[in-house]
Structure formats: structure tokens, C-alpha cells
Amino acid sequence: MEEHPDRTPAAHRVMRQDDNGNRFLLARGLTRPAAEALAAEFEARGHKQLYWVEREEPEEPEEPGAGRG
């Protein structure tokens with residue numbers, strides 16, 4: 001998916017999955033190139049982990065009064 005120059009670039013995050021299938025957030029709020037570079041840096045360390053980059057979805061607006069009780 002292409003970024004449009006007239007829009008704010010989408011934030012991306014770097015995720016990791018370990019040998020047991022547990023998933024962890026490593027970093028967030030990055031540009032796609034920065035996230036890809038960070039994932040590549042982790043992969044280069046030689047660990048048997050899976051690293052990937054995914055786009056962060058914009059946070060949904062909170063319902064008025066949510067969490068109040």
C-alpha cells in the first residue's frame with residue numbers, strides 16, 4: 001500500500017513471535033522504513049524468532065462515558 005504525500009504517514013509496529021507462539025510488541029509509532037530496519041536488525045542477531053512489521057490501525061474513538069461506572 002502506498003503512502004500519500006498529502007496525508008500523515010501511517011504508524012507501524014514491530015512484532016515478534018517466539019518459539020512457543022507467544023507474540024510480543026517490540027516497538028510502535030514508527031514509519032514503515034524505520035520499522036523494517038528495526039525488524040531487520042533483530043533478525044540479523046540470529047535468534048530463532050519471527051519478526052514482522054504491521055501497520056497500526058488508528059485508535060477508535062472512545063464512547064462517551066466508557067469506563068465509567
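Colleague: Which residue of β2 is the bridge partner of Gln17?

Modeller: In this predicted model, the partner of Gln17 is Arg23.

Colleague: What makes β1 and β2 a pair of strands?

Modeller: Two strands pair when there are at least two bridges between them. Here 5 bridges join β1 to β2, so the requirement is met and the strands pair. Their directions are antiparallel. In the hairpin that they form, 5 residues lie between the strands, and Gly21 has a positive phi near 85 degrees.

Colleague: How do you know that β1 also pairs with β3?

Modeller: The count of bridges between β1 and β3 is 6; at least two are needed, and therefore these strands pair as well. They too run antiparallel. One of the bridges links His12 to Arg55 of β3.

Colleague: How do you know that the span of helix α1 agrees with its number of residues?

Modeller: Helix α1 covers residues 32-44, which is 13 residues. At 1.5 Å a residue the expected span is 18 Å, and the end C-alpha atoms are 18 Å apart, so the two values agree. Just after α1, Gly46 takes a positive phi of about 85 degrees.

Colleague: Which residues of α1 are buried, and what makes them line one face?

Modeller: Ala35, Ala39 and Phe42 are the buried residues. Viewed down the helix axis, they fall within an arc of 60 degrees, and therefore they line one face. In general, an α-helix has 3.6 residues a turn, so residues three or four places apart point the same way. The buried residues of α1 pack against β1, β2 and β3. On the face turned away from the buried side are the exposed residues Pro33 and Ala44.

Colleague: Why is Glu56 called buried?

Modeller: Glu56 lies in the segment after β3. Its relative accessible area is 9%; the limit for a buried residue is under 20%, so Glu56 is buried.

Colleague: Which residues does Glu56 touch, not counting those up to four places away in sequence?

Modeller: With that exclusion, Glu56 touches Ala11, His12, Arg13, Arg28 and Gly29.

Colleague: What makes the approach of the side chains of Glu56 and Arg28 a polar contact?

Modeller: A polar contact requires N or O atoms within 3.5 Å, one able to donate a hydrogen and the other to accept it. The side chains of Glu56 and Arg28 are joined at 2.7 Å, so the distance satisfies the limit. The Glu56 side chain also reaches the backbone nitrogen of Gly29, at 2.6 Å.

Definitions and conventions: Residues are numbered from 1 along each chain as its sequence is written. This is a predicted model: local features need pLDDT of at least 70, side-chain atom pairs count only at pLDDT 80 or more; totals for chains, interfaces and linings use all residues. Side-chain values use heavy atoms; hydrogens and water are left out. Helices (H or I, at least four residues) and strands (E, at least two) are DSSP runs, numbered from the N terminus. The expected span of a helix is 1.5 Å times one less than its number of residues. Buried means under 20% relative accessible area, exposed over 50%, partly exposed in between (1.4 Å probe, protein chains only). The arc is that of the directions from the helix axis to the C-beta atoms. Contact means heavy atoms within 4.5 Å.
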